[in-house]
Amino acid sequence: MRGIILFDGICNFCDSSVQFIIKHDQAGYFQFASLQSDVGQTLLRQFKISENIDSVILIENGKAYVESTAALKICRNLEKIWLCYYLFILVPPIIRNALYRRFAKHRYRLFGTKKECLLPTPSQRQRFLS
């Protein structure tokens, strides 16, 4: 079973993060859908996640993970040094998520937004659900 990453399709930082994950996920474990897509909205409802969520979401093994836990579990499946970041899972979630929320709150201001969602290249298209 593959992991599904739901991301903010208009966020420049999120778009760059998806490209980074694709580059460092040589096994092709992750599939992607934007939160704004029909697939993304269906998965939000299926996992009872608010449409107003301000987080990356990882769906893996029938569970949905948000905020820092999602980000760290994504790192766990990347190659080489990125796997080491998973060790931050040992930091209590209250601390990790406070830092995550602070960054998420300012990401549009820091990195900007797009008017449209990412258009994957033909070779990447098979990894996108929407």
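This report describes helix H3 of a predicted model, its surroundings and the salt bridges around it.

**Helix H3 and its burial**

Helix H3 covers residues 67-76. Of its 10 residues, 8 are buried, so H3 is largely enclosed by the rest of the structure. The buried residues are Glu67, Ser68, Thr69, Ala70, Leu72, Lys73, Ile74 and Cys75. These residues pack against several elements: E1, H1, strand E2 (30-34), E3, E4 and H4.

Two charged residues of H3 can be set side by side. Lys73 lies in this helix and is buried, yet Lys73 has no salt bridge. The nearest side chain of opposite charge belongs to Glu60, and the distance is 5.1 Å. A salt bridge requires a nitrogen to oxygen distance within 4 Å, so a separation of 5.1 Å does not qualify. Leaving aside residues up to four places away in sequence, Lys73 touches Leu58, Glu60, Tyr65 and Tyr86. Glu60 is thus among the residues that Lys73 touches, although the two form no salt bridge.

Arg76, by contrast, does pair with Glu60: their side chains meet in a salt bridge, at 2.8 Å from N to O. Arg76 lies in helix H3 and Glu60 in strand E3, so the pair ties together parts that are 16 residues apart in sequence. Arg76 counts as partly exposed because its relative accessibility is 29%, while Glu60 is buried because its relative accessible area is 3%.

**Packing of H3 on H4**

Two packed helices are described by the angle between their axes and the distance between the axes. H3 and helix H4 (residues 93-111) pack at an angle of about 95 degrees, and their axes are 7 Å apart. An angle from 65 to 115 degrees counts as roughly perpendicular, so this description applies to H3 and H4. On the H3 side the contact is made by Glu67, Ser68, Thr69 and Leu72; on the H4 side it is made by Arg96, Asn97, Tyr100 and Arg101. By class, the residues of this contact are 2 nonpolar, 3 polar and 3 charged.

Glu67 and Arg101, both in the contact, also form a salt bridge with N and O 2.8 Å apart. Arg101 lies in helix H4 and Glu67 in helix H3, so the pair ties together parts that are 34 residues apart in sequence. Arg101 is partly exposed, with 45% relative accessibility, whereas Glu67 is buried at 13%.

The loop between H3 and H4 contains Ile89. Ile89 is partly exposed, with a relative accessible area of 23%. Ile89 touches Thr69, Leu72 and Arg96, with residues up to four places away in sequence not counted. Thr69 and Leu72 of H3, and Arg96 of H4, also take part in the contact between the two helices. Computed along the sequence, Ile89 and Arg76 are 13 residues apart, and their C-alpha atoms are 10.0 Å apart in space.

**Backbone points**

Two residues that are not glycine have a positive phi. The table places their phi values next to their location and accessibility.

| Residue | Phi | Location | Relative accessible area |
|---|---|---|---|
| Asn61 | about 50 degrees | loop between strand E3 (57-60) and strand E4 (63-66) | 59%, exposed |
| Glu67 | about 55 degrees | helix H3 (residues 67-76) | 13%, buried |

Glu67 therefore combines a positive phi with a buried position and a salt bridge to Arg101.

**Salt bridges elsewhere**

A search of the whole structure finds 4 salt bridges. Besides the pairs described above, Asp8 forms one with Arg107, where the closest N and O atoms are 2.8 Å apart. This pair links distant parts of the chain: Asp8 is in the loop between strand E1 (3-7) and helix H1 (12-24), Arg107 is in helix H4, and the two are 99 residues apart. Asp8 and Arg107 are both buried. Salt bridges that share partners also join Asp8, Asp54 and Arg107 into one network.

How values were computed
Residues numbered from 1 in each chain as written. Predicted model: local features only at pLDDT ≥ 70, side-chain atom pairs only at ≥ 80, totals over all residues. Heavy atoms only, no water. Helix = DSSP H or I, 4+ residues; strand = E, 2+ residues; numbered from the N terminus. Buried < 20%, exposed > 50% of the residue type's maximum accessible area, 1.4 Å probe, protein only. Lys, Arg positive; Asp, Glu negative; His and termini not counted. Contact = heavy atoms within 4.5 Å. Axes fitted to C-alpha atoms, helices over the stretch in contact; angles between N-to-C directions. Parallel < 35°, antiparallel > 145°, perpendicular 65-115°, else oblique. Nonpolar A, V, L, I, M, F, W, Y, C, P; charged D, E, K, R; others polar.
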